[in-house]
Amino acid sequence: MSERSARPTIVTYVGATGRTLTFNIKTSTGAAYALTGLTLTLRATLNGTAKINAATMTVTDAAGGIATYTPSS
């Protein structure tokens with residue numbers, strides 16, 4: 001479970017408030033990353049400034065490696 005890779009770049013846009021972002025988390029071999037029992041947090045920056053800092057994500061399919069986050073503001 002200690003597998004780490006380069007941080008992904010996820011592009012969204014101003015006005016995405018209330019729109020759910022879905023993440024399909026995979027291992028380096030392309031298999032779903034097992035999220036059972038894990039707490040996921042999201043940190044997002046823009047030009048080095050934190051815009052989302054340690055927001056809790058929702059695991060929607062632990063075995064399938066699917067998690068979501070819905071920006072609130």
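1. Alanine 54 counts as partly exposed, because its relative accessibility is 47% and the partly exposed class lies between the 20% limit for buried and the 50% limit for exposed. The residue lies in strand 3. Its backbone deserves attention in this predicted model: alanine 54 has a positive phi of about 65 degrees although it is not a glycine. Most residues other than glycine have a negative phi.

2. The neighbouring alanine 55 belongs to the largest nonpolar core. Leaving aside residues up to four places away in sequence, alanine 55 touches Leu40, Thr41, Leu42 and Tyr69. Leu40, Leu42 and Tyr69 are also listed among the members of that core.

3. The largest nonpolar core has 10 residues in all: Phe23, Tyr33, Leu35, Leu40, Leu42, Ile52, Ala55, Met57, Ala67 and Tyr69. Strand 3, spanning 49-56, and strand 5 each supply at least two residues of this core. In soluble globular proteins, nonpolar side chains tend to be buried together.

4. Strand 4 (residues 58-61) and strand 5 run antiparallel and are joined by 3 bridges. The two strands form a hairpin with 4 residues between them. Within the turn, glycine 65 has a positive phi of about 75 degrees. A positive phi is thus reported for glycine 65 in this turn and for alanine 54, which is not a glycine.

5. Threonine 68 is found in strand 5, which covers residues 66-69. In the pairing with strand 4, threonine 68 is the bridge partner of threonine 58. Threonine 68 counts as buried because its relative accessibility is 13%, and the class requires a value under 20%.

6. The contacts of threonine 68, not counting residues up to four places away in sequence, are Thr20, Leu21, Thr22, Met57, Thr58 and Thr60. Among these contacts, Thr58 is also its bridge partner, while Met57 is a member of the largest nonpolar core.

7. As to the overall architecture, the protein has 0 helices and 5 strands. From the N terminus on, its elements run β-β-β-β-β. Among contacts between residues at least 6 apart in sequence, 50% join residues at least 24 apart.

8. Of the 73 residues of the protein, 22% count as buried. The accessible surface comes to about 5500 Å², and carbon and sulfur atoms account for 51% of this area.

Definitions and conventions. Residues are numbered from 1 along each chain as its sequence is written. This is a predicted model: local features need pLDDT of at least 70, side-chain atom pairs count only at pLDDT 80 or more; totals for chains, interfaces and linings use all residues. Side-chain values use heavy atoms; hydrogens and water are left out. Buried means under 20% relative accessible area, exposed over 50%, partly exposed in between (1.4 Å probe, protein chains only). Contact means heavy atoms within 4.5 Å. Accessible areas come from the Shrake-Rupley method with a 1.4 Å probe; for residues, only the protein chains shown count as cover. A nonpolar core is a set of buried Ala, Val, Leu, Ile, Met, Phe, Trp, Tyr and Cys residues joined through side-chain atoms within 4.5 Å. Two strands pair if DSSP finds at least two bridges between them.
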